[in-house]
Structures are given as C-alpha cells and as structure tokens.
Amino acid sequence: MHFELDKSHKEIQKAVREFVRAQFDREMIIESLKTGDLPAGIRKKAAQLGFSGIHIPDAYDGGGMGLFEYVLAAEQMCRKDASAGMALMLSGFGAECLFDLDRKNLAEKYLTPVAGGKMRAGAALFEPGAGADISGTQTTAAARGDHWIINGDKAYVPNGTTAGFYVVLCATREDADPSDSSINTGNQQSLIIVDADTSGVTAESAGPTLGAGMVDFAHVGFQNAAVSAKNIIGTPGQGLDRSLSFLNQARIQAAAMALGTGQGAFDRALDYTRQRSQFGKKLAQFQVTRHKLADMAAGLESARLSIYSAAKAFDAGTCDAKMAAAAKLTAANAAMTASDEAVQLLGGYGYMTEYEVEHFYRDAKTLEIFLGSPGVLKDVIAGGLIGKLR
C-alpha cells in the first residue's frame with residue numbers, strides 16, 4: 001500500500017519541521033534533559049501553532065483533525081528530538097477519552113485548556129505489579145451521595161506530577177461502602193476524571209528513566225479522594241472498553257513517535273557515513289555500510305506504512321487492537337534496529353552525547369516498552385488472529 005500525502009498533510013509536516021528547527025536547538029535539549037521538562041515558551045508556541053491539540057475537536061479550540069494528522073506531526077517532532085517530541089505530543093495523554101463525551105460542559109472544562117497548552121492530562125490506567133493488563137484494576141470508586149470515593153494506586157502515569165487532571169480507571173459499585181476492599185474485578189469498571197489538586201490525591205515521580213527524559217512519569221495515589229459523580233466518563237461500566245479503545249489510539253501515537261525516533265537516528269547515521277572517510281574511502285562506499293543503511297531504511301518504511309494504515313483505519317472506525325499493536329511492534333522494532341545500527345556506524349562517536357544517536361537509542365528503548373512491550377503486543381496480535389479456543 002502506498003500513501004500519497006495531499007497538500008494539507010505536507011503542509012503539516014513542513015510546519016512541524018520549521019518549528020522544531022527553530023525551537024529544538026542542542027543547548028535547549030541538553031538543559032531540558034537536566035531539568036526534566038521543556039521550557040514553558042516552547043510549550044506555549046507549540047500550542048499556538050496547534051500541534052499539541054492537533055487532534056482535539058475544534059469545538060474545544062483544538063485542531064479538529066484526526067489521528068492520521070497527529071501521527072504526521074509526532075513523526076516529525078521525534079525525528080528532530082525524540083524526548084522533546086514525546087513531551088509535547090503526550091502533553092494531553094488521556095484527554096482523548098473525553099472526545100466523544102456527551103456532557104459538553106465537562107469536555108469543554110478539560111479539553112479547552114489542554115488544546116491551548118494551559119493544562120496537561122494524565123491517563124491513570126496501569127497499576128503496580130499488573131504490567132500492561134488493565135482488566136483487573138484494583139483501584140476502587142464507591143458511590144457516596146453525589147460523589148465517587150476513590151482509593152488505590154496507579155503506576156507510571158505520563159505527566160503524573162504536572163497534570164491538571166487524571167483520567168482514572170476504577171472498579172465501581174454504586175452501593176458499596178468506600179472502605180470495602182472487596183470491590184474488585186468482579187464489578188464494573190469506569191473512567192472518572194479526577195482533578196490533580198483533589199484532596200487525597202498524591203503524585204510522586206517515578207524517578208530518572210533510561211530515555212524520554214522530558215516526560216514526567218509518576219506514581220499517583222488516591223486515598224478517599226472525593227470526586228463529583230458528574231465526572232464519570234460515559235456511564236458506569238464503560239470504563240474498560242473505553243480504556244482499551246484509547247490504548248489502541250495511544251499505541252498508534254507511540255508508534256509514530258518510535259518511527260520518528262528511528263528516522264532521526266538513521267538521518268544522523270546516513271549523514272555521518274557520507275562524510276566520514278576510512279582507508280581512503282567514504283564509509284558510505286563500503287558495501288557492509290550500504291547494506292546496513294538499506295536494512296534500516298527498509299524497516300522504517302515498512303513501519304511507516306503500518307502506522308499510516310492503522311491511523312487511517314482508526315479515523316475510519318475500523319482499527320482493531322491487533323492492527324494497533326502490529327503498528328507499534330513494527331515501529332518499535334524498526335526504531336531499535338535503526339538506533340542500534342546508528343550507534344555502531346558512528347563507532348566511538350555513537351556513544352557520545354554530542355553526536356545525539358545514543359540519545360535516540362535510549363528513547364527508542366523507552367518507546368519499545370511504553371504501552372506494552374513486544375511480548376505484550378505479540379499476545380494482543382495473536383489473540384486477534386486466533387480468537388477464543390474451545
């Protein structure tokens with residue numbers, strides 16, 4: 001399958017390239033990796049240009065575009081610098097769960113500031129010790145009057161200490177006592193919006209990570225946190241299905257970031273081998289080098305087609321979990337291969353921060369694990385292929 005981008009799509013790519021060329025300079029990247037966040041001015045500029053909220057409905061001041069346009073922007077962002085690109089494109093992580101919310105006033109309250117770059121979001125889905133499995137959430141929400149009382153812990157929440165609100169997956173039972181620990185997987189699951197400044201909510205940084213140094217991953221705890229009953233997304237019992245649909249979307253988003261990361265490493269390796277000479281010849285003239293570059297390029301192009309297909313299908317409402325998982329698996333493999341080979345092709349320079357490819361390697365590893373490791377993704381794909389066995 002071949003994708004011919006139309007004029008508007010090419011303009012998105014061009015606009016993002018111009019933005020990152022002007023904003024993602026090396027000194028800023030180095031300093032931001034030390035502080036763990038991008039400068040506020042860059043976040044503000046990205047929001048003004050419509051990149052952060054490119055896929056948020058225009059009714060809430062977003063770009064009103066689809067996942068495909070998001071993918072194009074994320075790829076170009078991470079091609080210049082993966083950590084900075086992830087930090088910007090994940091700033092509204094979880095806000096997607098509100099896109100089809102019937103209560104417009106609630107969606108407007110949370111989506112509008114995200115689209116404007118004034119607030120970050122965090123999807124609190126995963127829990128300690130549960131890995132990528134969200135079906136057995138132990139975080140509970142018990143109805144008490146016109147509030148939900150939430151108790152539990154969530155792990156590795158993106159934007160955990162900087163988010164203005166969380167989208168929290170809970171086991172809910174409307175007739176339960178808030179102190180009843182028996183509310184568990186036997187009950188319905190629901191998604192509930194929780195303001196970060198709610199009493200009983202705590203967020204603690206997960207600590208330094210191998211890659212994605214500008215993304216704030218944190219453990220978020222809820223202890224008798226009282227949230228308005230109106231903050232439920234959809235109706236009680238829809239939480240797991242909505243979360244799984246969001247994960248399909250988020251995995252395609254992560255795949256685009258991985259693609260950009262791998263492409264960025266490839267670009268630098270290609271440029272280096274064209275310029276560097278050894279034994280009287282340019283490195284790019286040696287067959288072994290040419291074959292490495294060819295394999296890297298082929299893997300990235302295969303990933304690009306998989307991601308574009310999945311994003312188009314998602315926008316059309318025909319993307320399933322298998323397709324989304326395959327896109328991320330393909331992209332993660334391509335990014336890891338490209339960044340690893342880039343380090344090898346640059347030799348000793350590949351290990352040095354100044355030449356950037358080691359930075360891309362670390363970010364590629366993060367994206368390989370984020371939202372499901374290769375093993376988890378293969379289980380999802382196999383499940384979609386095989387179905388239920390009797």
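Arg 43, Met 86, Ala 87, Leu 90, Arg 120, Asn 159, Met 214, Val 215 and Asp 216 line the largest cavity, where a cavity is a set of points on a 1 Å grid over the protein atoms alone at which a 1.4 Å probe fits but cannot get out, and a lining residue has an atom within 4 Å of a point. Its volume is about 30 Å³, volume being the space filled by probe spheres set on grid points joined across faces, edges and corners. The count comes to one cavity of 30 Å³ or more. The lining splits into five nonpolar, one polar and three charged residues (Ala, Val, Leu, Ile, Met, Phe, Trp, Tyr, Cys and Pro count as nonpolar, Asp, Glu, Lys and Arg as charged, and the others, Gly among them, as polar).

A word on the model itself. It is predicted, with local features needing pLDDT of at least 70 and side-chain atom pairs pLDDT 80 or more, while totals for chains, interfaces and linings use all residues. Residues are numbered from 1 along each chain as its sequence is written, and side-chain values use heavy atoms, leaving out hydrogens and water.

On to the pockets, which are open sets of points with protein on both sides within 12 Å along at least five of seven lines. The largest one has a volume of about 510 Å³. It has 23 lining residues, and Tyr 156, Phe 217, Ile 369, Phe 370 and Leu 371 lie nearest its centre. Strand E3 (147–158), strand E7 (217–228) and helix H10 (357–369) each put at least two residues into this lining; helices (H or I, at least four residues) and strands (E, at least two) are DSSP runs numbered from the N terminus. By class you get 13 nonpolar, eight polar and two charged residues here.

The second largest pocket comes in at about 240 Å³. Of its 15 lining residues, Arg 26, Ile 29, Ile 30, Thr 353 and Glu 356 sit nearest the centre. Helix H2 (26–35) and H10 are the elements giving two or more residues to that lining, and H2 has the largest share, with four. The class split is four nonpolar, two polar and nine charged.

Now for the helix packing. H7 (residues 239–275) and H8 (residues 287–316) pack at about 155° with axes 10 Å apart; axes are lines fitted to C-alpha atoms, for helices over the stretch in contact, and angles run from 0 to 180 degrees between N-to-C directions. The angle therefore makes H7 roughly antiparallel to H8, a label for angles over 145 degrees. H7 passes H8 in a left-handed crossing, meaning that the near helix is turned anticlockwise from the far one by less than a right angle. Among the residues in contact (heavy atoms within 4.5 Å) are Ile 252, Leu 259 and Phe 266 of H7 and Leu 293, Leu 300 and Ile 307 of H8. The whole contact holds 16 nonpolar, six polar and one charged residue.

H8 also packs with H9 (residues 321–346), again at about 155°, with axes 8 Å apart. That angle makes H8 roughly antiparallel to H9. The crossing is left-handed, and its contact residues divide into 15 nonpolar, six polar and two charged.

Finally, the axes of H9 and H11 (residues 374–386) come within 8 Å and cross at roughly 145°, in a left-handed crossing. Ala 321, Ala 325 and Leu 329 are among the H9 residues that meet H11, whose partners include Pro 374, Leu 377 and Ile 381. This contact has nine nonpolar, one polar and three charged residues.

How values were computed. Parallel < 35°, antiparallel > 145°, perpendicular 65-115°, else oblique.
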